[in-house]
Amino acid sequence: MSGYAVKRCYHKYSLFTHVYTTSTRTLVDYHLYIGLVYVRSRQRAPLSPSRFRSVALSGSDLDWKFTTVPQKGLNGRSIPCARGMVLGGSSVINLLSWNRGSNDLWNRWADVTGDEGWGWEKVEELYKKVCSHTLLPPSSPSEHGTSGPLEVSLPGHPTQLDKRVEGAAKELGGRFKWNVDLNAGQSIGIGYMPSTVGHGKRSSAFTAYLAPILHRENLSVLTGYLATKLVATSEEGGETGVIGSPHLLLLSGIGPKNHLTSLSIPVLLDSPHVGQHWTDHPLLANHFLVDSKEGFDGLLRDPSVFGAKMGEWMEKKTGLFVDSPGNTQGYWRLPSSEKDDNGEGWDGSRWGVETDPASGPHVGHVEVIFVDGFAAFGGAQPPKEGSYMSVLTSVASPLSQGTLTLASPDPFTPPLIDPSIYTHPFDVKAMVQVIKYTLTFLSSTPWSNFLVGPYGPLKEALTDEAKVELARNHSGTVNHPCGTVRMGKKGEGVVDSTGKVWGVRGLRVVNSSVFPVIPECHIQAHVYVIAERVADVVKARYVL
C-alpha cells in the first residue's frame, strides 16, 4: 500500500510502519484524524508475556527477523537485529529496561541540534508526562512521573544476586559505587534496574497508548499492509521505524544521490545522511560457574517447576516471572589514568580518542547487567547441568557507525543492515576494559563462597588480545539501533530538531532513527519523549 493511498484515505496525519503510538494517542485526543498503518503483521492485540520470557520473543513471529550483513568486527559473523512486527512495535518484544539517561545526554542533544528544547530543563516535563512509577526509589520520588500512561517499576521479585551486587558496590565504592536511583540525572554506579512493568505485566506503547483509544471514530488502524513509497502531499505526515524510516525514504527517492541512481531510483532529494550513522550498543555475555542451585538454570530444565512458576504469574502476576532474570545494572566510566579510581576526567591519548565519547562526567562509557543464570546470548547454548550467573557487558558510548542501504528497489526485499560493530578501536578497548572491571567487581567479599570462577570462552581469555577475540567471536548488540535519519542542523542531518525532514514539506520521523547521538543507556524512554514533543509541535501547528 503506497503512502499516497494512505494519505488519500486518512487526511491530516498518517503514521506508517513500526509505530510507537505515543503521538497517535496525543493527537487523537485533540481530534485530529489519524490513519495508523501497520505493515504486514495482522496482530492487533499482542499478547503480554511475562518479562522473564521476553528473551524468547526475539526471532518469534512478532519479530521482523532482520539480520545484518557479515560483520568484519565480529570475524565475519552476521547477527540478528530484532524489531517488533506487531502493534506497539519493539516496545512489545524488548526487555523493558527503562533508563532516562543523564542530564548530560539531553543537554548534548540540545547542543548538537541547536535546539534548547532538547535540554533536560525542557525535556523533564515531557519525560514525567510519559510514565507513572508504581514503585519508586525511596530517595528521589520528585524525579519521576506519577500519572503518565506508561507504567514503570523497580524489580518486583528478588534474586540471589541482588544483595551480593549491592554489597560489592558498597564495599568497593568509587566508580563501582551503589546508586539508589539510576534515573535521577546521574547514572554512574550500580543500582536496581527500572522496567516498563506495572502490576506484574508488560507496559508497552500498545497497552499504554493505543489500546485505550482503538474505539475512537477519528482513529483508523489497518494491519497487514506495507507502505512502499512516499509521495508529495500538503498535509502533515509522520513516518516511523528505525529500519522502516530510512528504507521507505530511500525507496521514495530521498537519500544519497549516488546510491539511488545506482538502483535506477529517481532522485527526489539528495539527502546524504539517510541510512548513515547507524549506531548500536555492542553486547557480550560473560558466564561464571556458581555454587548454588537457586538461579533459573534448574527451572528451565524442569518443565514441572517452570510450569508452576508460569502458573503463578498467569494467575496472580507475582513471583519470578514478573521480572527479567537480571534485576541490577550499572554504568561505569573508563579510567583516565592508571591511578584513576573514579573515572574522573578524560585521557584521550590512552583511549585513542581526543574527545570524551560520553556526553559528560555523569555518564558511563560501559554498562553491566547481572543475570541470575546462564544468559544464552552470542550463540552460546545453556549447559545441561551446573549452575551459572552471567554478566552482560556493553559499550554504552560506542563510536562505530554503520549503514542501512537498499539491496533492491523492490520494497519487499529487506534492506542491507551493516552496524559495523567494533570497527572503531575505542569500542574494542572499552569492551576489554569492562570485562576487566567485571572480574574486579566479582573478586570482592560478597562473592566469596558463591562464585566458582569464569566459565566457557571467558575462562581462557587471560590476556587483552584473548579478550578482544572473545568479544569478536561472541558479541551481539543490545538491539538499540539509532541515527539513520538523525536530527541535525541543515546539512548535518536528515530531519530538523522537531523531526521534520529537511527539504520535504509535511513529513516527520518519530523514532530512534532521529537520535542525533546514541544515549549511553537503554533507549526506549527517549523514543517516547520524542513522540510527545513532536505531538506537541503538530498540535501547535493546528492551534489545538
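**Close-up 1. H277 and S264, two loop residues with positive phi.** H277 is found in the loop between β13 and β14 (282-290). Please keep in mind for this and every later view that the model is predicted. Phi of H277 is near 65°, a positive value in a residue other than glycine. S264 shows a positive phi as well, of about 60°, and is likewise not a glycine. You will find S264 in the loop between α8 (257-262) and β13 (269-270). Is H277 buried or exposed? With a relative accessible area of 16%, H277 is buried, because buried means under 20%. S264, by contrast, has 67% relative accessibility and therefore counts as exposed.

**Close-up 2. Helix α7, wrapped by the rest of the structure.** Take a look at helix α7, which covers residues 244-251. How many of the eight residues of this helix are buried? Eight of the eight are, so the helix is largely enclosed by the rest of the structure. The buried residues in α7 are G244, S245, P246, H247, L248, L249, L250 and L251. After α7 comes G253, with a positive phi near 90°.

**Close-up 3. L248 and a partner from elsewhere in the chain.** Staying with helix α7, we now pick out L248, one of its residues. L248 counts as buried because its relative accessibility is 3%. What distance separates the C-alpha atoms of L248 and L406? They are 9.7 Å from each other, although these positions lie 158 residues apart along the chain.

**Close-up 4. T328 and the residues it touches.** T328 has its place in strand β15 (residues 328-332). Its relative accessibility is 0%, so T328 counts as buried. Which residues does T328 touch, leaving aside those up to four places away in sequence? They are D162, V165, G191, Y192, M193, V368, I369 and F370.

**Close-up 5. W106 and W120, a tilted aromatic pair.** The structure holds 24 aromatic pairs. One of them is formed by W106 and W120, with 6.4 Å from centre to centre and 40° between the planes. This pair is described as tilted, because an angle under 30 degrees would make it stacked and one over 60 would make it edge-to-face. The pair links distant parts of the chain: W106 belongs to helix α3 (residues 103-113) and W120 to helix α4 (residues 120-130), 14 residues apart. Both W106 and W120 are buried. Step back a little, and ring pairs link these two tryptophans with W98, W109, W118, Y127, Y209, F515 and Y528 into a cluster.

**Close-up 6. Charged ends over aromatic rings.** Here are two places where a charge meets a ring. Over the ring of F450 sits the charged end of R164, 4.0 Å from the ring's centre. Over the ring of W313 sits the charged end of K317, 4.5 Å from the centre.

**Close-up 7. R533 and D115, a salt bridge between distant parts of the chain.** A search of the whole structure finds 12 salt bridges. In one of them, the side chains of R533 and D115 meet at 3.0 Å, N to O. Why does this pair tie together parts that are 418 residues apart in sequence? The reason is that R533 lies in helix α15 (residues 524-541), whereas D115 lies in the loop between α3 and α4. R533 and D115 are both buried.

**Close-up 8. E166 and K170, a salt bridge within helix α5.** E166 forms a salt bridge with K170, and their closest N and O atoms are 2.7 Å apart. Both residues lie in helix α5 (residues 162-172), four residues apart, which is about one turn of the helix. Are the two partners buried or exposed? E166 is buried, with a relative accessible area of 13%, whereas K170 counts as exposed at 54% relative accessibility.

**Close-up 9. K539 and D536, part of a salt-bridge network.** We return to helix α15, where K539 and D536 are three residues apart and therefore separated by about one helical turn. K539 forms a salt bridge with D536, with the closest N and O atoms 3.0 Å apart. K539 counts as buried because its relative accessibility is 9%. D536, at 27% relative accessibility, counts as partly exposed. Which residues are linked in a network of salt bridges with K539 and D536? They are K129 and E532.

Methods. Residues are numbered from 1 along each chain as its sequence is written. This is a predicted model: local features need pLDDT of at least 70, side-chain atom pairs count only at pLDDT 80 or more; totals for chains, interfaces and linings use all residues. Side-chain values use heavy atoms; hydrogens and water are left out. Rings of Phe, Tyr and Trp (its six-membered ring) pair if their centres lie within 6.5 Å; planes under 30 degrees apart count as stacked, over 60 as edge-to-face and the rest as tilted. Buried means under 20% relative accessible area, exposed over 50%, partly exposed in between (1.4 Å probe, protein chains only). A charge sits over a ring if NZ of Lys or CZ of Arg is within 6 Å of the ring centre and within 35 degrees of the ring normal. Contact means heavy atoms within 4.5 Å. A salt bridge is a side-chain nitrogen of Lys or Arg within 4 Å of a carboxyl oxygen of Asp or Glu.
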